[in-house]
Amino acid sequence: MPTSRFILNGNQSASNRIARQINRNLIFNQIRAKQPISRAELARTSGLQRSTVSLIVEGLLTDRWVVEGSTGEIPRGRKPTFLNVNGQRGVLALDIHPAHVMLAVTDLGGKIISLDSVELPANPQNVIGAILTSIRKLLRSHPNRTFEGIGINLPGRFDPHFEKSIFAPNVGWPIGQLKARVERATGLPVVVDNVANACALSEVWFGYSDRMHDLVVVNVSEGIGTGIFANGHLLRGEAGVAGEFGHVQLDPNGVRCGCGGRGCWETIASNRAGLRYYAEIAKKPVPSFDALIELAKADDAAAKQALIMVCKGLGRGMHMIALALAPGEIVVVGDIANAWDLAGAVIEAEMRRFPLVRAPSIRPAREGIKARLRSAVALIMNSKTL
Ligand SMILES: [Zn+2]
């Protein structure tokens with residue numbers, strides 16, 4: 001029997017509304033994962049009453065999130081009608097990095113239909129214009145698709161109304177203006193959130209973490225961000241800035257960090273740290289973290305050593321998270337997840353090297369780097385109210 005999941009934003013207090021939302025998410029996810037699927041099969045796999053399932057399905061049909069497809073073959077009796085996620089509706093997902101943007105058109109189930117990547121101009125004043133141009137281009141190339149909205153992952157923390165950036169030490173352009181500018185340019189609903197928060201929500205929304213439990217997403221890229229799902233909702237903290245474990249000092253003698261501190265977790269365990277380690281060991285640079293992973297996979301000694309140093313750094317920070325939050329699991333998002341056979345055991349061993357009250361499981365996000373784009377889809381899908 002599947003258990004209930006809470007997927008909530010804000011202050012939805014009426015308990016029947018919460019139950020309806022949970023059940024609707026559950027049914028939509030079952031359709032997404034098992035399509036084509038009949039109502040009877042949904043009742044069986046969800047554990048919900050047939051009448052409840054029918055009611056929810058009618059709502060999903062009215063909202064055109066799902067469509068009725070072919071009829072099934074059974075030996076006798078009425079033929080069931082199969083349900084599918086509506087392939088004509090879509091979400092535009094943006095995953096913003098300090099120097100480039102990944103864009104994807106997806107269906108409502110988060111399946112990526114087309115993908116684009118844009119390098120951001122060096123002049124900070126031109127960045128938002130470049131993003132708007134690529135959004136318009138992608139929307140124009142899908143004229144037959146109806147878009148639910150635009151979900152945007154941002155590498156930083158923002159105030160609750162997302163009008164200004166509070167903390168984005170790796171970004172040098174006016175990122176706080178992005179939401180309003182995209183809304184004005186497209187007329188579509190836009191939901192923005194910190195990338196690690198979005199990934200934590202996505203793990204729950206898309207049902208990868210199949211229990212109602214506490215989890216922490218650690219997003220490793222240019223920096224390190226964490227998204228905390230605790231007691232049934234995202235933990236945001238005062239002004240939405242909770243989860244900045246990346247800027248806890250783990251090495252008092254370490255290098256300077258973008259936040260103004262020294263030896264922060266992200267200075268010893270991010271992609272940037274990996275590139276720095278390699279340059280120190282090999283006495284030559286490597287162009288990207290992807291290239292570093294490829295070298296390590298090809299058995300390059302310096303690259304392997306640099307990657308191990310990153311993983312040990314990650315393990316040390318995860319020890320801190322395990323003690324502070326006691327999550328059931330820690331989910332790793334980012335390029336390092338693509339090298340899990342090299343990285344996973346080193347990270348876990350380092351976390352366990354220090355005393356722990358309780359060790360969480362550690363795993364990479366499903367679908368590696370696409371996890372970040374799917375999390376932008378989760379922002380839009382989760383924002384829809386009943
Ligand atoms: Zn820092």
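**Sheet packing and zinc site in a predicted model**

Helix 5 (residues 178–186) lies across strand 3, strand 6 and strand 9, and runs at about 160° to strand 6. The model is a predicted one. The three strands crossed by helix 5 belong to an open sheet of five strands, with the order 5-4-3-6-9 and mixed pairing. Strand 5 (112–119) and strand 9 (190–194) form the edges, each pairing on one side only. From one strand to the next, the twist averages 15°. Within this sheet, strand 3 (residues 89–96) and strand 6 (residues 146–154) run parallel and are joined by seven bridges. Arginine 89 stands opposite threonine 146 in strand 6.

A zinc ion is coordinated by His247 through ND1 and by Cys257, Cys259 and Cys264 through SG, at 1.9 to 2.3 Å. Along the chain, these donors follow the spacing H-x9-C-x1-C-x4-C. The site is tetrahedral, with angles of 104 to 126° among the four donor atoms. For four tetrahedral donors, the ideal angle is 109.5 degrees. Two of the cysteines were examined for exposure. Cysteine 257 has a relative accessible area of 9% and is therefore buried, as this value is under 20%. Cysteine 259, with a relative accessible area of 31%, is partly exposed.

Over the whole protein, the secondary structure comprises twelve helices and 14 strands. Of its 386 residues, 53% count as buried. The exposed surface of the protein is about 16,900 Å², of which carbon and sulfur atoms supply 52%. Among contacts between residues at least 6 apart in sequence, 63% join residues at least 24 apart.

Key
Residues numbered from 1 in each chain as written. Predicted model: local features only at pLDDT ≥ 70, side-chain atom pairs only at ≥ 80, totals over all residues. Heavy atoms only, no water. Helix = DSSP H or I, 4+ residues; strand = E, 2+ residues; numbered from the N terminus. Buried < 20%, exposed > 50% of the residue type's maximum accessible area, 1.4 Å probe, protein only. Contact = heavy atoms within 4.5 Å. Areas by Shrake-Rupley, 256 points an atom, 1.4 Å probe, with all protein chains shown as cover. Donors = N, O, S within 2.8 Å, 3.2 Å for Na, K, Ca; no water. Tetrahedral: all angles 85-135°; square planar, octahedral: opposite > 155°, others 65-115°. Pairing = 2+ DSSP bridges. Axes fitted to C-alpha atoms, helices over the stretch in contact; angles between N-to-C directions.
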